[in-house]
Amino acid sequence: MKQNIKYIKSILKRYAQLKANLSNFEQVSSVPLDNVNVQGSKHNGVENNMVNHCNLALQVKQVEDALKSVVDPQYSFILNDYVINKQYSRDEMCGLLDVSRSKLNYMKNNALLEFEENFAV
């Protein structure tokens, strides 16, 4: 179970990074998609950027769909505001949810496991 929790946390950490990358993505207005040889290169950087953008968007959507599928509002709150966005410290979360540290950890682990069940890899 510990391995699963670490894996899920890494997915959610990567999600925050992907979302930031996706929002910073800039697309060139005139996109050459043909095989024009630019300075001796047969690679089309703009086309590769568009493919990368689509991959980022798909990965972000998969995580967002899994987050939306978490039914318990407290679990959803823990995942979004504590695990992903890190808006609150552990003690602040305990105060907001009126639970002990061990109960918060228990709830966080259950929230992560529920997320994992909904996450399509």
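**Helix packing, core and largest pocket of a predicted five-helix chain**

Outside its neighbours within four places in sequence, Met107 makes contact with Gln74, Tyr75, Ile78, Leu97 and Val99, where contact means heavy atoms within 4.5 Å. The model is predicted, with local features requiring pLDDT of at least 70 and side-chain atom pairs counted only at pLDDT 80 or more, while totals for chains, interfaces and linings use all residues. Numbering starts from 1 along each chain as its sequence is written, and side-chain values use heavy atoms, with hydrogens and water left out.

Met107 belongs to helix α5. Its relative accessibility is 5%, so Met107 counts as buried (under 20% relative accessible area; exposed is over 50% and partly exposed lies in between, with a 1.4 Å probe and protein chains only). Between Met107 and Tyr75, one of its contacts, the C-alpha to C-alpha distance is 6.9 Å, although 32 residues separate the two in sequence.

The secondary structure of the protein chain consists of five helices and zero strands (DSSP runs numbered from the N terminus, H or I of at least four residues for helices and E of at least two for strands). Read from the N terminus, the order of elements is α-α-α-α-α. The protein chain has 121 residues, of which 28% are buried. Among contacts between residues at least 6 apart in sequence, 65% join residues at least 24 apart.

Helix α5 covers residues 101–118. The 18 residues of α5 should span 26 Å at 1.5 Å a residue, and the end C-alpha atoms are 26 Å apart, so the two values agree (the expected span is 1.5 Å times one less than the number of residues). The buried residues of α5 are Leu104, Met107, Lys108, Asn109, Ala111, Leu112, Glu114 and Phe115. This set includes the charged residues Lys108 and Glu114.

Leu97 is located in helix α4. With a relative accessible area of 14%, Leu97 is buried. Apart from residues within four places in sequence, the contacts of Leu97 are Gln74, Phe77, Ile78, Leu104 and Met107. Leu97 and Ile78 lie 19 residues apart in sequence, and their C-alpha atoms are 9.4 Å apart. Gln74 and Ile78 are contacts of Met107 and also of Leu97.

The largest nonpolar core (buried Ala, Val, Leu, Ile, Met, Phe, Trp, Tyr and Cys residues joined through side-chain atoms within 4.5 Å) has 28 residues. Those touching the most other members are Leu12, Val63, Leu67, Ile78, Leu79, Leu104 and Phe115. At least two residues of this core come from each of α1, α2 (45–68), α3, α4 (90–97) and α5. Not counting residues up to four places away in sequence, Leu79 touches Leu12, Leu67, Val70, Ile84, Ala111, Leu112 and Phe115.

Two residues in loops have positive phi values. Lys86, in the loop between α3 and α4, has phi near 50 degrees, a positive value in a residue other than glycine. Its relative accessible area is 63%, so Lys86 is exposed. Asp98 is in the loop between α4 and α5, with phi near 55 degrees, again positive in a residue other than glycine. Asp98 is exposed, its relative accessible area being 70%.

The largest pocket (on a 1 Å grid over the protein atoms alone, an open set of points for a 1.4 Å probe with protein on both sides within 12 Å along at least five of seven lines) holds about 190 Å³ of space, the volume being that filled by probe spheres set on the points. Its lining (residues with an atom within 4 Å of a point) is made up of Lys9, Leu12, Lys13, Ala16, Gln17, Tyr82, Val83, Ile84, Lys86 and Lys108. Helices α1 (2–24) and α3 (73–84) each contribute at least two lining residues, and α1 gives the largest share, with five. By class, five residues of the lining are nonpolar, one is polar and four are charged (Asp, Glu, Lys and Arg are charged; Ala, Val, Leu, Ile, Met, Phe, Trp, Tyr, Cys and Pro nonpolar; the others polar).

Among the lining residues, Ala16 is in helix α1. Ala16 is partly exposed, with a relative accessible area of 33%. Ala16 and Asn85 are 69 residues apart in sequence, but their C-alpha atoms are 7.6 Å apart in space. The lining also includes Leu12, one of the core residues that touch the most other members, and the loop residue Lys86.
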